[in-house]
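Student: I would like to learn how to read a protein model, one feature after another. Could we go through the one shown here together?

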Amino acid sequence: MMNTITYVLLNVFYTVTRLLPFSCRTGLVRIGNPDRDSPVLLTCNYHLTVLRVKRAIKGLDGYLLVAKSRGINVWCAACGGHFTHHDVISALKTSGIEKLVDHRNVILPQLAAPGVESVVIKKKTGWRVVWGPVYARDIPAFLENKLTKKDDMRKVLFPLADRFEMATAWAAPMSLIAALIFLPLWRGAVAPLIFTIWGLSLAIFLSFPLYERLLKRQGAHVGFPVILWGLVLLGLVGYLIYWPGFSWPFLLRWGAACLIIILVLTLDLTGSTPTFKSGLHDERLLAVELDKKLCKGAGFCSEVCPRDCFAVDKPHKTASIPRAEFCVRCGACIVQCPFDALCFKSAAGDKISPETVRRYKLNLMGKRNVSL
Amino acid sequence: MSTYILMKILESAPSRYDRGIGILTLGALDGSYDRMVSPIQQGDRVLDIGCGTGALTIRAARKGASLVGIDVNPGMLDIAKKRTEESGLGDRVTYREMGVAELGSEPDGGYDAIMSGLCFSELSEDELGFVLNEARRILRPGGRLLVADEMKPEGIIMRTLHLLVRIPLVVITYLLTQTTTRAVSGLPDKVREAGFVVTSVKHSRLGSFMELSAQNPSRQT
């Protein structure tokens with residue numbers, strides 16, 4: 001009971017502070033009563049992740065290695081170059097796990113694939129990387145299935161609970177900042193402001209599936225906030241007419257406040273979702289390109305693709321990208337392909353080699369194209 | 001996929017690391033690094049663990065040593081390489097993208113000196129123990145281990161004082177360099193435990209910064 005309360009409170013705390021990293025202790029954690037054949041799982045050292053993984057694998061017997069990701073979640077850390085094979089190798093070599101198990105298979109979260117080169121780990125340590133499921137809750141089923149994933153264990157989703165988390169992650173710090181600014185200036189505005197921030201944030205994220213198709217259109221990142229603001233203004237006018245009576249100063253004041261809130265929330269709306277590429281990075285303009293001549297149809301790409309973009313034709317030893325429109329440019333497929341058959345291609349036709357993607361991950365802000 | 005503000009800050013870290021550290025240490029690091037490389041001689045084979053942007057590596061190379069600099073951050077290594085080339089020391093220095101846990105590939109007794117500046121404080125306890133044992137293995141008998149890093153001071157008064165100074169510093173460090181450090185505690189003891197003979201320990205005024213020099217007594221048994 002106490003544990004559950006602590007777990008819930010910690011989840012609330014980490015959701016409210018979701019935009020900030022929180023490190024926890026790295027190293028080896030025993031789960032249940034492991035023996036020399038027990039599975040070895042590895043995750044990052046974002047405290048919330050470790051809490052959730054531990055909860056998901058409660059009741060199993062095994063080892064959990066917590067590797068350094070500077071307190072950032074697996075996917076962001078892997079894409080940003082803060083969670084790499086160096087961190088995995090460090091966990092494998094310095095935690096003492098090699099003395100505890102006879103096998104050399106380590107299960108990594110699939111979302112670590114954009115930053116962790118499994119080939120390098122194998123070469124330097126002899127450990128074989130097995131890409132586990134995207135979500136920790138699927139780990140027990142994955143282990144029971146003899147380390148094979150069902151198709152849906154590979155995909156990232158943006159379900160209601162996650163959308164609620166993102167809404168909270170944005171609304172909480174914005175409310176805090178608004179409160180700090182307006183408490184000394186205009187105390188009466190604080191409560192309605194916070195109400196508006198939470199209302200808009202929840203509305204934008206919870207209704208995401210209703211309009212997400214539209215975000216793929218050109219100019220959506222300008223059009224969307226404008227349309228949303230228009231709707232909010234209409235709502236404000238309606239409120240004024242039916243309630244206190246129409247007043248221009250009120251409309252202007254709260255219209256401006258709503259515009260600012262909407263702009264902050266939609267500044268990188270797609271980047272706040274796991275199913276779209278951030279709208280602010282140049283990488284959104286890149287496309288993954290497959291070189292059929294180099295492809296051997298081994299399927300490393302589809303194994304790590306969180307958006308199920310690939311189709312692998314094993315008999316003909318080839319792959320294709322029939323669902324490229326879902327790609328979020330995480331680069332996992334490019335990093336993991338042992339034949340260098342994949343690369344990024346810019347709109348202008350420039351190719352970004354697998355070597356460059358591996359070296360710099362998405363930790364670039366355009367640096368991948370600029371020599372230092 | 002990511003939240004923009006945080007990522008933007010994190011992603012631009014390597015290029016701002018040096019300036020950040022310079023501000024934080026008020027330039028004191030330069031003097032410390034100069035002292036650190038003073039025992040290094042012409043022709044020495046030297047390993048720089050966590051070389052970062054090459055501040056220490058280049059200093060040692062200037063003394064005529066041949067250097068291997070290792071770091072896990074390719075962005076930092078790019079800056080280090082560029083600087084080394086600009087100083088005309090390119091032929092004396094090799095940089096490798098490699099973590100401390102990957103030192104297993106280095107041959108026994110292959111180095112005359114091993115240096116590390118502001119890297120141990122970024123390591124976990126496990127990693128620190130591992131790297132000290134590896135350092136002992138890959139140093140030749142009589143070879144030197146030279147460390148400059150942030151330490152937890154001894155004594156409760158100093159510790160409390162240190163904590164008060166440290167909390168704002170941790171925030172500033174994070175804002176400027178996006179690295180968090182965990183001050184190392186009891187380094188001289190840990191170095192001794194790994195089998196080294198500690199030859200000198202120099203503390204800064206508050207006891208929070210330490211320059212340590214140790215020697216590898218003989219071949220590991």
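Tutor: Let us begin with a single residue, keeping in mind that this is a predicted model. A:R70 has 20 C-beta neighbours inside 10 Å, and therefore counts as buried.

Student: Where in chain A does A:R70 lie, and what is the sign of its phi angle?

Tutor: A:R70 belongs to the loop between β3 and α3 (74-79) of chain A. Its phi is near 55 degrees, which is a positive value in a residue other than glycine.

Student: A:D340 also has a phi of about 55 degrees and is not a glycine; is A:D340 buried or partly exposed?

Tutor: A:D340 is partly exposed, because 14 other C-beta atoms lie within 10 Å of its own, whereas a buried residue needs 20 or more. As for its place in the chain, A:D340 sits in the loop between α13 (332-336) and β9 (342-345) of chain A.

Student: How should I read a sheet, and what is the order of the strands in the open sheet of five in chain A?

Tutor: In general, the strands of a sheet pair through backbone hydrogen bonds, and they do so either parallel or antiparallel. Here the order of the five strands is β1-β3-β2-β4-β5 (chain A), and the pairing is mixed. At the edges are β1 (27-31) and β5 (128-131) of chain A, each of which pairs on one side only. From one strand to the next, the twist averages 30 degrees.

Student: In which sense do β1(A) and β3 of chain A pair?

Tutor: They pair in the antiparallel sense, with β3 covering residues 62-67 and five bridges between the two strands. To find the place by eye, look for A:I31, which stands opposite A:G62 in β3(A).

Student: What should I look for in the interior, and which residues have the most contacts inside the largest nonpolar core?

Tutor: The general idea is that, in soluble globular proteins, nonpolar side chains tend to be buried together. In this model the largest nonpolar core has 123 residues, and A:L42 and A:C333 are those with the most contacts inside it. This core lies between domain 1 (2-153) and domain 3 (282-369) of chain A, because both of them give residues to it. Leaving aside neighbours within four places in sequence, A:L42 is in contact with several residues, including A:L65, A:A67, A:V88 and A:I107. A second, separate core of 21 residues includes A:A167, A:A169, A:M174 and A:F208.

Student: Which domain of chain A have we not yet named?

Tutor: The domain assignment of chain A also gives domain 2 (160-272). The centres of domain 2 and domain 3 of chain A, taken over C-alpha atoms, are separated by 36 Å.

Student: Turning to chain B, how many residues of strand β2 are buried?

Tutor: Five of the six residues of β2 (residues 66-71) of chain B are buried, so this strand is largely enclosed by the rest of the structure. Five bridges join β2(B) to β1 (residues 45-49) of chain B, running parallel, and B:D48 stands opposite B:G69. Another five bridges join β2(B) to β3 (residues 93-97) of chain B, again running parallel, with B:E97 as the bridge partner of B:D71.

Student: Which helices does the chain pass through between these strands?

Tutor: Helix α4 (residues 55-62) of chain B makes a right-handed β-α-β unit with β1(B) and β2(B). From β2(B) the chain then crosses through helix α5 (residues 74-86) of chain B to β3(B), and this crossover is right-handed.

Technical notes. Residues numbered from 1 in each chain as written. Chains lettered and ligands numbered in written order. Predicted model: local features only at pLDDT ≥ 70, side-chain atom pairs only at ≥ 80, totals over all residues. Pairing = 2+ DSSP bridges. Helix = DSSP H or I, 4+ residues; strand = E, 2+ residues; numbered from the N terminus. Axes fitted to C-alpha atoms, helices over the stretch in contact; angles between N-to-C directions. Domains from an automatic or database assignment. Core = buried A, V, L, I, M, F, W, Y, C linked by C-beta atoms within 7 Å. Buried ≥ 20, exposed ≤ 12 C-beta atoms within 10 Å, placed from the backbone. Contact = placed C-beta atoms within 7 Å. Right-handed = clockwise from strand over helix to strand, strands pointing away.
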